Amino acid sequence: MKKCFVADLKPGQPFNTSFLVQTKERKVARNGSAYLDLELRDATGSRRAKVWDADRLTAPFEVDDIVQVAGGLEVFQGAPQITVREIRKLNDGEEDLLDYLPRTSQDPEQMYAALLDRVTGLPEGPIRALLLDLLNDTEIAAKYKLAPAATSMHHAFLGGLLEHVNSLCGLADLVAGHYPWLDRPLILAGIVLHDIGKIEELNFNRSFRYSTRGQLLGHIMIGLEIVQERMRAIPDLPPRLKDQIEHIILSHHGKLEFGSPKEPMFPEALVVHALDELDSKLESMRAQFELEKDQAGEWTNKNMALGRRLLKPLNH
């Protein structure tokens with residue numbers, strides 16, 4: 001079992017532990033010698049790494065391999081970086097993959113049960129039937145419980161999609177309570193379904209990467225296909241409701257330039273978009289603060305999702 005994690009590494013202290021190889025690039029130093037530029041990660045985070053004099057290596061390894069690394073952590077130009085002395089590939093089965101990918105701090109089974117309870121509590125009708133048909137599908141459920149919500153921008157960890165959806169459900173309760181004229185079941189349907197395409201858009205077995213289909217179509221179109229297929233099995237689904245659910249999926253990014261084929265055109269679609277944006281951006285900020293909690297200064301490095309530096313809260 002892995003005992004030393006990225007979060008445990010301290011500058012100047014040697015270590016010998018294992019990581020998942022996220023990226024690998026062969027480069028040439030100014031003196032003409034080859035080196036490897038790596039990103040190594042485990043469940044607690046990732047670090048850039050350098051293997052100097054790469055031609056000395058005799059044991060090959062590739063991206064998505066788990067490797068045993070002996071080395072040390074240094075600070076280079078203000079950023080932590082691993083200098084690798086020895087590295088070798090571990091055989092498949094030697095390590096638990098859950099030690100190497102970031103994951104939710106919550107229990108996915110409990111989160112999924114809570115989501116099912118919420119959906120089961122909806123009034124009898126086509127929305128409830130559609131959502132239960134999807135969520136009770138064992139193949140969909142297995143992916144929905146583990147899928148990240150993104151590869152890097154927000155909720156980029158195992159269970160991230162489910163954590164994001166449950167957070168949105170809580171926010172929707174507040175909004176629907178404040179605006180009682182809104183259609184609460186339609187908002188819930190939009191929340192559950194808006195990102196369902198990510199269960200096929202993303203691969204998350206060894207790393208978080210886009211599948212070929214995900215690259216070609218994106219989660220909006222994939223999600224629309226998944227939902228449309230299940231809609232055909234709901235005989236009493238009104239055409240207008242079908243169009244509204246499809247529109248929420250198509251418009252949840254809010255603007256055409258952000259990848260939405262349509263912009264929100266009715267209140268419940270606007271609510272799903274606005275809450276999705278709020279939750280994703282707040283999580284991106286929270287993750288940035290957590291990542292840099294041990295770094296000095298009032299400001300973070302540039303947040304890539306938001307395109308700007310962030311003022312740290314006082315408790316960091």
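The secondary structure of this protein comes to nine helices and seven strands, where helices (H or I, at least four residues) and strands (E, at least two) are DSSP runs numbered from the N terminus. You are looking at a predicted model, in which local features need pLDDT of at least 70 and side-chain atom pairs count only at pLDDT 80 or more, while totals for chains, interfaces and linings use all residues. Residues are numbered from 1 along each chain as its sequence is written, and side-chain values use heavy atoms, with hydrogens and water left out.

Let us begin with the whole molecule. Its C-alpha atoms fill a box of roughly 70 × 45 × 35 Å, taken along the principal axes. Of the 316 residues, 48% count as buried; buried means under 20% relative accessible area, exposed means over 50%, and partly exposed is in between (1.4 Å probe, protein chains only). Contacts, meaning heavy atoms within 4.5 Å, can join residues from remote stretches of sequence. Among contacts with a separation of 6 or more, 56% come from residues 24 or more positions apart.

Now look inside. A nonpolar core is a set of buried Ala, Val, Leu, Ile, Met, Phe, Trp, Tyr and Cys residues joined through side-chain atoms within 4.5 Å. The largest one here has 60 residues, and Tyr144, Leu193 and Ile196 have the most contacts inside it. Eight helices each supply at least two residues of this core, including helix H1 (108-120), helix H4 (160-178) and helix H9 (267-291). Ile196 makes a good stopping point: leaving aside neighbours within four places in sequence, Ile196 is in contact with Leu134, Ile140, Tyr144, Gly223, Ile226 and Val227. There is also a second, separate core of 18 residues, which includes Leu40, Val51, Ile82 and Ile87.

Next come the charges. The protein has 38 positive and 46 negative side chains, with Lys and Arg counted as positive, Asp and Glu as negative, and His and the chain ends not counted. A search of the whole structure finds 23 salt bridges, each a side-chain nitrogen of Lys or Arg within 4 Å of a carboxyl oxygen of Asp or Glu.

One of them joins the side chains of Asp37 and Lys50, at 3.2 Å from N to O. Asp37 lies in strand E2 (residues 34-42) and Lys50 in strand E3 (residues 45-51), so the pair ties together parts that are 13 residues apart in sequence. Both Asp37 and Lys50 are buried. They also belong to a network of salt bridges that links Lys27, Asp37, Glu39, Arg48 and Lys50.

A second bridge, between Arg209 and Asp64 (3.3 Å, N to O), links distant parts of the chain. Arg209 is in strand E7 (residues 209-210) and Asp64 in the loop between E3 and strand E4 (66-76), 145 residues apart. Arg209 counts as partly exposed at 31% relative accessibility, and Asp64 is partly exposed too, at 22%.

For a local example, turn to helix H3, where Glu139 and Lys143 lie four residues apart, about one turn of the helix. Their closest N and O atoms are 3.7 Å apart in a salt bridge. Glu139 is exposed, with a relative accessible area of 54%, whereas Lys143 counts as partly exposed at 27%.

Finally, visit Gln22 in strand E1 (residues 14-28), which counts as buried at 15% relative accessibility. Not counting residues up to four places away in sequence, Gln22 touches Glu39, Arg41, Val63, Ser207 and Arg209. Two of these names are familiar: Glu39 from the salt-bridge network, and Arg209 from the bridge to Asp64.

Methods:
Charge placed at Lys NZ, Arg CZ, Asp CG, Glu CD.
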